[in-house]
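The following report describes selected strands, helices and cysteines of one structure, with the sheet taken up before the helices.

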Amino acid sequence: MHRHYVFPVSTVLLVAANLFIPVAIVLFAIGFFPYKPFLPGLAEYQTLEYGPPPKAPFDRLIFMVIDALRSDFVYTDGSGFEFTQGLISDGAAIPFTAHATSPTITMPRIKAITTGSTPSFLDAILNFDEADTSSTLAAQDTWLAQMKAKGTGKLVMYGDDTWLKLFPGVFDRADGTSSFFVSDFTEVDNNVTRHIPDELRSDDWNTMVLHYLGLDHIGHKTGPRGPNMIPKQREMDDIVRMIYEAMDTQPHLQSTLLVFCGDHGMNDAGNHGASSPGETSPALVFVSPKLRSVSKPVKVPADWVEDFQYYNIIEQSDLAPTLAALLGFPVPKNSLGSFMLDFLRFWPDKHDKLQILVRNAKQIFDIVAATYSGSSAGRQYSPDCAHPGSLAEELVCEWQNIKETAGKTSADDLDDEWIANTSKWLSKAQTLMSSMASNYDMSMLAYGGSVTAVASIAAAYVVATSTPARASSLGPFMLITLLYGIMMFASSYVEEEQHFWYWITSAWLLYLAVISTPRVTRQSLMAGFIALGAMRLTRGWNQTGQKFAGEPDIVTSFIASNPSLLWCLVMATYGMVSVELFNALRNVPAAISGSVVAGLMTSAISFKLAFTNEDAPELVVGLARALVNIFDGPSLVNRARAVFLGLGLTLIYPLYNLVVLRTKASKMDAMRTLHYLYTMFALTQSRVTNVPLFLLFQAIHSYLSRLSLGVAEITISSLLLQFSSFFAMGGSNAISGVDLSNAYNGVSGFNIFAVGVLTFLSNWAAPVWWTSASILLLLQSRQSTKQGDGSVYRQHTAILTTFVTVTLGFVMMACTALRTHLFIWTVFSPKYLYSMAWSLGQHLVINVALGGMLYWLGSI
């Protein structure tokens, strides 16, 4: 009776624990990523005792964003921006390095550039949704809204359609392009450039926004030193030349200001999203013949520096108040930017200089006062300046001193020291408001953590009551879970998490060899060495993490530099999958199964060759080049669809065997067929340099299948190999680690569901493979034990759920305890996003749902 009572309770608790996971994640996310309030409406010039605002030197703006334009791409020797460097040397351009705060991805950076504010980290998630309109800036004050309000001309935009999502209905003429077709280096930019000559001849606009994506796409594909990088820089430099020459010769453009910049930079691997110096250091250049009167001589080209900090360093938010003064409109209400003092020389009258700085300071002071006093009227915030109780109160007191000095002294008597003090106050206020803790909802954080704790207890109870495992298995599992959880409190360990999994997995494989082999034989010893050797190669395949991204690894040192070796390994991998698939279809006549397998392999290799020829043509040499020429014809979209269609049609046969025929002899063959069909799909969704990793995974899987493993050992092996293979494929805990190169395979336009699924399956291709492989091991183990089907799968799921809930709880505790930490938005917040993906995507959808369905199919 007791047995019949315990197991239903265990099942109910296990189901409840898994249902609690999304509830806990949503509750915690609501408290951790709250909606960030803003001051509504457009700013207007306030009446000051100093008179009307000073006259603006420019009346038109061309704002050109070159996506991922890192500072050294423009300023150092060997750059493709030779004409721009000539302008800087001549004084017609003023260079800066504009610091971009994390997350260094397009949508948050455009928000910072246009509003002057610090965007919410939630924008990092919305950035990946091409269909999202919830993050619009239509109701916020921006320099675009101010230029439109001036009524002196139309607003036009060409390039990244993120601008159209952020500013619906703002542009009078526009032609947007998707930012996620990362294989496109040329057309995405040509679609922008083709509009420029006509617009330069037109005089009906006052603002033109251009956003080029090609350089960013090249970075994602080949890194900052790829063969296409310098030609792309020269192409962008030619655009600058075209615009400058028009500004210099056409009368209606003589008071036009060209600003070109990067929205963010890139790291040594060509990615972005985190906070490395390369990612946070985009170039910013102001260009106009008028600048010769105010610019100072600088060294061109600049000497290379490791931190990418060239010339004057400013914040991206400083663009808003600077453009306001240069173009003659009020500073946007929510701006935290500080006017760039380099341009004060445009106004020789000290009265004008005072106005610009005081208006900027007063606008920021209103934000400080409203934030800390809860009132939109800053005048109501009057702290005790004799004993200021906080940095905010100290800031208010300093502002009062600055204002009193300006009021008591005539503008002509204000010296450079007052200007310096005011600028320093602006920077101090900017730093305080930008770095202040987000308005966390502590109750929601507590609710999320509490639900996670309940789920952890429920899952742990199921493990304790329904897993007849050896203490030798559960002991290491508890140790791994505890060590991993503690590691979440250290930023360096989070950034370099891959090393934990590499070493733990290697140690676990060795441990299994010791406990699972009754008698050491030459064959078992050889299999163990092969498995450990495969794991060692897996560890060194891709350099990932933050500290050593871009450092030499097997791919860069041996594979990419030897394309013939790469294609030999790729062909060997496809050959291995084909042989395994042919063997699994042994109940089908050889002529039919051979034709099916040959057709699948041909279409898959054809797509991989064609895709690589577009993605990294330098890798397609020799025989690979000859094959590309032979297979030339269909588009990449149609090739991918052919592969998916072939896999889908072949899938019918094993499913028919499992669901309809249910013959015991063919069950394992059918399950192996499903596994290797997925393997073919995973190869399609992986970068060509990662394809050989599946040979190594197969070697480790073969080794595990030789051992006499229980459910706990199989589950722990699956867990460890899912994480270690994710990092081996190039994954990381940074947003910059998200690989979008295979997100559009077979997709001709943006579809949020299709692209979302393909993005997940391309980034988690290896962990999903290990889920499928572990089901094969569980079915094999079930045949050698007397445990019931439900018992085996319950034990497996209970262990996985315990790990997920406990470690998710640790991540939540770390994010809560370290919410004021310097790296909360650059390290811990991205880690929480990845924990969401692991918990919801890999655990619930793949391990529990898909894994459960596969186990059910194999055991019915």
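Strand β1 (residues 60-66) runs parallel to strand β6 (residues 256-261), and six bridges join the two; six bridges likewise join β1 to strand β5 (residues 205-212), again in parallel. Helices (H or I, at least four residues) and strands (E, at least two) are DSSP runs, numbered from the N terminus, and two strands are taken to pair if DSSP finds at least two bridges between them. The model is a predicted one, in which local features need pLDDT of at least 70 and side-chain atom pairs count only at pLDDT 80 or more, while totals for chains, interfaces and linings use all residues. Residues are numbered from 1 along each chain as its sequence is written, and side-chain values use heavy atoms, with hydrogens and water left out.

Individual bridge partners of β1 can be named on both sides. Met 64 stands opposite Phe 260 in β6, whereas Ile 62 has Met 208 of β5 as its bridge partner and Ile 66 stands opposite Tyr 212, also in β5. Seven of the seven residues of β1 are buried (under 20% relative accessible area, with exposed meaning over 50% and partly exposed in between, for a 1.4 Å probe and protein chains only), so the strand is largely enclosed by the rest of the structure. Arg 60, Ile 62, Met 64 and Ile 66 point one way from β1, and Leu 61, Phe 63 and Val 65 point the other way.

These pairings belong to an open sheet of eight strands with mixed pairing, in the order β4-β3-β5-β1-β6-β7-β2-β8. Its edge strands, each of which pairs on one side only, are β4 (173-177) and β8 (312-315), and the twist from one strand to the next averages 20°. Strands of a sheet pair through backbone hydrogen bonds, either parallel or antiparallel.

Helix α4 (residues 106-115) is also largely enclosed by the rest of the structure, because ten of its ten residues are buried. Among them are Arg 109 and Lys 111, as well as Met 107, Ile 110 and Ile 113. Gly 116, which follows α4, has a positive phi near 80°.

Two helix packings involve α11 (residues 229-249). Axes here are lines fitted to C-alpha atoms, for helices over the stretch in contact, and angles run from 0 to 180 degrees between N-to-C directions.

| Helix pair | Angle | Axis separation |
|---|---|---|
| α10 (residues 214-222) and α11 | about 170° | 10 Å apart |
| α3 (residues 82-90) and α11 | roughly 50° | within 7 Å |

Angles under 35 degrees count as roughly parallel, over 145 as roughly antiparallel, 65 to 115 as roughly perpendicular and the rest as oblique; α10 and α11 are therefore roughly antiparallel, and α3 and α11 are therefore oblique to each other. In the oblique pair, Glu 82, Phe 83, Thr 84 and Leu 87 of α3 make the contact (heavy atoms within 4.5 Å) with Asp 237, Val 240, Arg 241 and Tyr 244 of α11. These contact residues divide into four nonpolar (Ala, Val, Leu, Ile, Met, Phe, Trp, Tyr, Cys and Pro), three charged (Asp, Glu, Lys and Arg) and one polar (the others, Gly among them). In the other pair, Gly 214, Leu 215, Ile 218 and Gly 219 of α10 meet Met 229, Lys 232 and Gln 233 of α11, a set of three nonpolar, three polar and one charged.

Finally, a search of the whole structure finds zero disulfides, a disulfide being a pair of cysteine sulfur atoms within 2.5 Å. Cys 568 counts as exposed at 53% relative accessibility, whereas Cys 815 is buried with a relative accessible area of 1%.
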